[in-house]
Structures are given as structure tokens and as C-alpha cells.
Amino acid sequence: KAQAAVKIAKRSGKVEIYRNGVLKEAQRRFSVESRLRDALAQGELTLAFQPLIHLQTGEITGFEALARWEDEELGHVSPVEFIAVAEESGLITSLGRWAAYEAAQALSRWDAKFGQPVPVGVNVNLSPIQMARDDVASMFEESLRYSGISGNRLTAELTESAIIADPEKARKLLFALKDLHMPIAMDDFGTGYSNLASLHSLPIDILKIDRSFVTSMLEDRDKEIMVRTILSLAESLGLHVTAEGIETQELALALQNLGCWQGQGYYFARPMPEGEAFDYWRARWNFETV
Ligand code: C2E
Ligand code: MG
Ligand code: MG
Ligand code: MG
């Protein structure tokens, strides 16, 4: 039966198309991996910084650091693609170390330009695979020490999947980050398998509502209910909430009215290079931005 199906598929050309598709995907993955290896070795990745806005006061409280890669052969490669390849290939360890170090260095360069500590922090994303394979606590400890930055200015962003993968290891790591005075945020909150017990027992400070709920919450009643539920859950647990994916002023105002703490999204600003991020902050730091 299977052979007959293959024969029919072959005759209609479907097998060829399928084989070409798989082959192309494998080739792409292979070239992304080998170019990424070089790019990391040669320091060709950069960080972009997207402002985080205190929704009640309009102040810029910090920036999320997001990896960017422009390759001379491949052109712009999305972080969604190269982070996945980094995770599959093991390169995520060195990418993650680079990002933490670079985020702390950016803060120290901003402080030097300003002549005193800039009252903002930077959020660094952690991959569950990186957390499983690397000593993330000493990675941050070294980045902070090298840059002379205090721990409360670097927030770790991790996802629920990292906690589910190895709860005991995650618990130790989170308490080690607390020893460094680092705030801890749960990224993409609402998209994974939330474990309410771990939210309560782990030293988590911030829930970041995934943008899949935020962006359409004014048109989609289910999304709005999700956002309201996360806000009241956070309130009962004493956690702060950041809403990502705020694309309009209506959304910013709606979330402000719901009492949401912090916002992030294209309405305020897109991720931008380190120097521009500093200028953005300096131009607005005593004005309201909402
Ligand atoms: P994330 O951590 O959830 O980051 C937020 C993503 O939402 C970013 O995408 C940001 O550019 C995008 N975004 C922010 N505001 C808006 C908005 O208003 N509308 C829309 N449509 N999008 C918005 P980006 O930069 O493409 O990064 C994608 C993901 O790649 C990140 O999602 C994060 O999971 C991962 N990533 C990026 N840099 C790193 C890194 O250094 N390490 C690790 N482990 N992951 C990273
Ligand atoms: Mg993030
Ligand atoms: Mg996020
Ligand atoms: Mg997200």
C-alpha cells in the first residue's frame, strides 16, 4: 500500500517536491549554523535595545536587549531563526554569554557618556537550553563585575519551559541571581504551561504578557480576558507586569487604565542601536512618553 502511494506520488511529482523542500531546509539550516559560528567568533552580532516604559509615569525604566545579525552572505537573519539554530547546535552558550556581557558593557558605556549611572536597566533573554548547559549565574556575575554594573540593573528574562525542564536547577539558578540582586522576569507569559505553584515559590518579580495577547486585546474579547486575568493574578502574587506588543496609543492607555506597570512596543519605539537608545533616553528622561 505504501509503495503504491509512493508510486502515485512520484508520478504526480509530489515526492520530488517534498525531497526538495527538506533538502532546502537542511541546506539553509547548515549555512545559518556555519555563518553564525563565524559571526560569533568574529563579534559580528549586535544588540538592539527596545525601551521599557513605566505606564503610570511615562518614564523610561529600561531596555530589552535583543540580538541582531546582518550577515554579508545571508543578509538580515531574524533572531527567531538564528536563536533556534543556536539552540540546536549548542552555539547558544556562547551567544548567551556574549549577550549578557554586551548588555552590561552597554550600561557602563551609557554611564560613562552621562557622567554618572543612568537610571535604567537592561533585560537579557535566557534560553532554556543555555540554562541547562551553562553556569548562567557565574556568567552574570562575571559580566557585572567586569563592567562595574550593579546587579539590580540587569534583569534576566526566562520562559516557563526552562523551569519545567529542570525545576530544581531553575530554583537554584533563580536564587543565585537574587544573590546578585538581579530582577527576574517570566517572558512570553501565558503561552506556556503555567505552574502557579512555581510562580509563588520562586523569586520571580515580573510577568511579561506575551504580545499575542496584548496586540489584539481591544478587538478580541478572549485576549482581553487573558490580559485581565494575568494582571489580577500578578496583583495577588505581588508581581509586576510588563505588556509587550503595544502598537497603538489606545493600547497604551487601556493598559495604563488596567493598572499595568510597564509597557513595551512599537507605539513607544522599535529596538534600536546602543547609541540611539542612549539618545532616546536622554531626550526624554524627564518627560512623559505615554
Ligand atoms: P522576546 O524576548 O519575546 O522579545 C520581544 C520580541 O517582540 C522582539 O522580537 C521585539 O522586537 C518584538 N516586539 C516588540 N514590540 C513589538 C510590537 O509592538 N509589535 C511586534 N509585532 N513585535 C514587537 P525579536 O527582536 O525579533 O526577537 C524575537 C525573539 O528572539 C525574542 O522574543 C527572544 O525570544 C529571542 N531573542 C532575541 N535576542 C535574544 C538573545 O540575546 N538571547 C536569547 N536567548 N533569545 C533572544
Ligand atoms: Mg524577552
Ligand atoms: Mg517576550
Ligand atoms: Mg514574546
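**Pockets and a magnesium site in a predicted model**

Me: Which strands each supply at least two residues of the lining of the second largest pocket?
Reply: They are β2, β4 (121-125), β7 (206-209) and β8 (240-243); strands are DSSP runs (E, at least two residues), numbered from the N terminus. This is a predicted model, in which local features need pLDDT of at least 70, side-chain atom pairs count only at pLDDT 80 or more, and totals for chains, interfaces and linings use all residues. Residues are numbered from 1 along each chain as written, chains are lettered from A and ligands numbered from 1 in written order, and side-chain values use heavy atoms, without hydrogens or water.

Me: What makes Glu64 a donor to the magnesium ion (ligand 2)?
Reply: Donors are N, O and S atoms within 2.8 Å of the metal (3.2 Å for Na, K and Ca); water is not among the atoms, so sites may look incomplete. Glu64 (OE), Asn125 (OD1), Glu157 (OE) and Asp187 (OD) coordinate this ion at 2.0 to 2.2 Å, so they meet the magnesium cut-off. Glu64 in strand β2 and Asn125 in strand β4 are 61 residues apart and link distant parts of the chain.

Me: Why does Glu64 count as buried or exposed?
Reply: Buried means under 20% relative accessible area, exposed over 50%, and partly exposed in between (1.4 Å probe, protein chains only). Glu64 has 4% relative accessibility, so Glu64 counts as buried.

Me: Why is Asn125 classed as it is?
Reply: Its relative accessible area is 28%, so Asn125 is partly exposed.

Me: Which residue bridges the magnesium ion (ligand 2) and the magnesium ion (ligand 3)?
Reply: Asp187 bridges these two ions, which lie 3.6 Å apart.

Note on methods: Helix = DSSP H or I, 4+ residues; strand = E, 2+ residues; numbered from the N terminus.
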